[in-house]
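Let's take a walk through this protein together, from one of its helices to its core and its empty spaces. Have the sequence and the 3D view ready as you read.

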Amino acid sequence: MSEQNFYITTTLPYVNAEPHIGFALEIIGADIIARYQQMVGKNVVFNTGTDEHGQKIYQEAVAANLDPQKYCDQYAAKFKDLKKLLGINFTNFIRTTNPAHKSAAQHFWNLALQNGDIYKAKYQVKYCVGCEMEKTDSELENSKCPLHPNQKLENREEENYFFRFSKYQDKLLNLYKNNPEFVQPSSKFKEITSFVKNGLKDFSISRIKSKMPWGIEVPNDPKQVMYVWFDALINYISTLGWPEDQKNFDLFWPGVQVAGKDNLRQQAAMWQAMLMSAGLPTSKKILINGFISVNNQKMSKSLGNVIHPEEMVKRYQTEATRYLLVSLGLFDKDMDVTWSRFDEKYTADLANGLGNLCSRVAKMADNIDLDYQPPKTKISQSYQQLMNHYQISAALDHIIDQIRQIDKYLSQEKPWKKNGGEKQQVLEQAIEKILSVVTQLKPFMPQTADSILDNFAGKISSMKPLFPRLS
């Protein structure tokens, strides 16, 4: 990977439900990082898409009396629509039903097979269809999967192919040791390190096709299809054109991966072991988000408390929705939300904060016919340091603090009580500070930032409210 190139990817959400704000936060976070990297001059590939194979998808399609591919097409469109809804600037949108991805997954399988890491065996296991993963007794709570307590575990006994996960314990631990910030936040790095230290079990990477036909066929064994996780993880490199486009792969891999905490094991251990098996470079970094609960309850269809991004955009518009979600805290602990807290944050930070500041200064500048030619704006080192270390929410807090400092400056200088050159000087100082802050805001709220930057360059005019009062 060239220093001038940057690659970031979200996980691929399962297409068995409409997008919720948990994934919205993930894709917005990745978008902010991608936009920042472009701002500092990098060539960026930003990947997202949809995970479309596996038993859960097959069962949902059958229940809906739809062909699995048509079922996937309907939901994939909803996730692709997030580009416009949330102002996302992804470059790649991959679906695991794409022919090129299927071919890449089969090629990857053959590499692992050639390296002696795939074998066939009979097994018995407790399986959670909700997670599409095997579960050990130590992972269960009251004999149920803690993430899907309302779903009955399946007891499976069949002959499948296995991946020699256990072979890579020491190599994974060396990867973690040599890359002490490989997983962010540190609490999740400790968690995955502890998981690997406790020993790894080989896992099944295929299913019998007659029982579960919705998957990519195992090379040279048409009676088996690939386990959904083995197939899906390969999207991170198939989207770059691997293995056919080796040049593009070399330019952009390894990349940064954004995921939820329920994906920690798959992203930071399983996928890394698979890459080692195929003789490919491991990922650059794994960024892990916490879960979002609503009023201290897990979001679920049964409780009727799932918040969809469309609902937030309808109430706050796109740019404010981006702000409100990121302000919860990216790559950190779990978050709890309520509509009232969103409203309070919107009013305090945006309507009464940034929006009111810009309106006040623009009106005072318009009243004196101020024609302002801004100097070239520099990005502060403290902001760059936070963004370079993926402290995205801290960078946003830094921006909001600077906005408060400008308000404080205006309160002290009181330009509305001054006249002539003295008033102009105070306003120009305030505008220069605003432009510096707004430049830093561009990855977070690009349209808002561009609107402010345009208004405060040249002949300044009064502005319509950027963030209307909530009704």
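**A helix and its surroundings**

In helix H17, the buried residues (under 20% relative accessible area with a 1.4 Å probe, protein chains only) are Lys423, Val426, Leu427, Ala430, Ile431, Ile434, Leu435, Val437, Val438, Thr439, Gln440 and Leu441. Before going further, please note that this is a predicted model, in which local features need pLDDT of at least 70, side-chain atom pairs count only at pLDDT 80 or more, and totals for chains, interfaces and linings use all residues. Residues are numbered from 1 along each chain as its sequence is written, and side-chain values use heavy atoms, leaving out hydrogens and water.

H17 spans residues 420-441, 22 in number; helices here are DSSP runs of H or I with at least four residues, strands are E runs of at least two, and both are numbered from the N terminus. From first C-alpha to last, H17 reaches 31 Å, close to the 32 Å expected at 1.5 Å a residue, where the expected span is 1.5 Å times one less than the number of residues. Its buried residues are covered by elements including helix H1 (21-39), helix H14 (339-367), helix H16 (392-413) and helix H18 (446-455).

Now for the core. In soluble globular proteins, nonpolar side chains tend to be buried together. The largest nonpolar core (buried Ala, Val, Leu, Ile, Met, Phe, Trp, Tyr and Cys residues joined through side-chain atoms within 4.5 Å) has 153 residues. Phe108, Leu172, Trp271, Phe444 and Phe456 have the most contacts inside this core. Leaving aside neighbours within four places in sequence, Leu172 is in contact (heavy atoms within 4.5 Å) with residues including Phe165, Val196, Leu200, Ala268 and Met276.

What about the surface? Glu3 is found in the segment before strand E1 (5-9). With a relative accessible area of 68%, Glu3 counts as exposed, because the cut-off for that class is over 50%. Glu3 and Phe46 lie 43 residues apart in sequence and 16 Å apart in space, C-alpha to C-alpha.

Finally, look at the second largest pocket, with about 260 Å³ of space. Of the 15 residues lining this pocket, Tyr316, Gln317, Leu466, Phe467 and Pro468 are the closest to its centre. A pocket is an open set of points on a 1 Å grid over the protein atoms alone, with protein on both sides within 12 Å along at least five of seven lines, and lining residues have an atom within 4 Å of a point. H13 gives the most to this lining, with 3 residues.

Technical notes
1 Å grid on protein atoms, 1.4 Å probe; cavity = no way out; pocket = protein on both sides within 12 Å on 5 of 7 lines; lining within 4 Å. Points joined across faces, edges and corners; volume = space filled by probe spheres on them.
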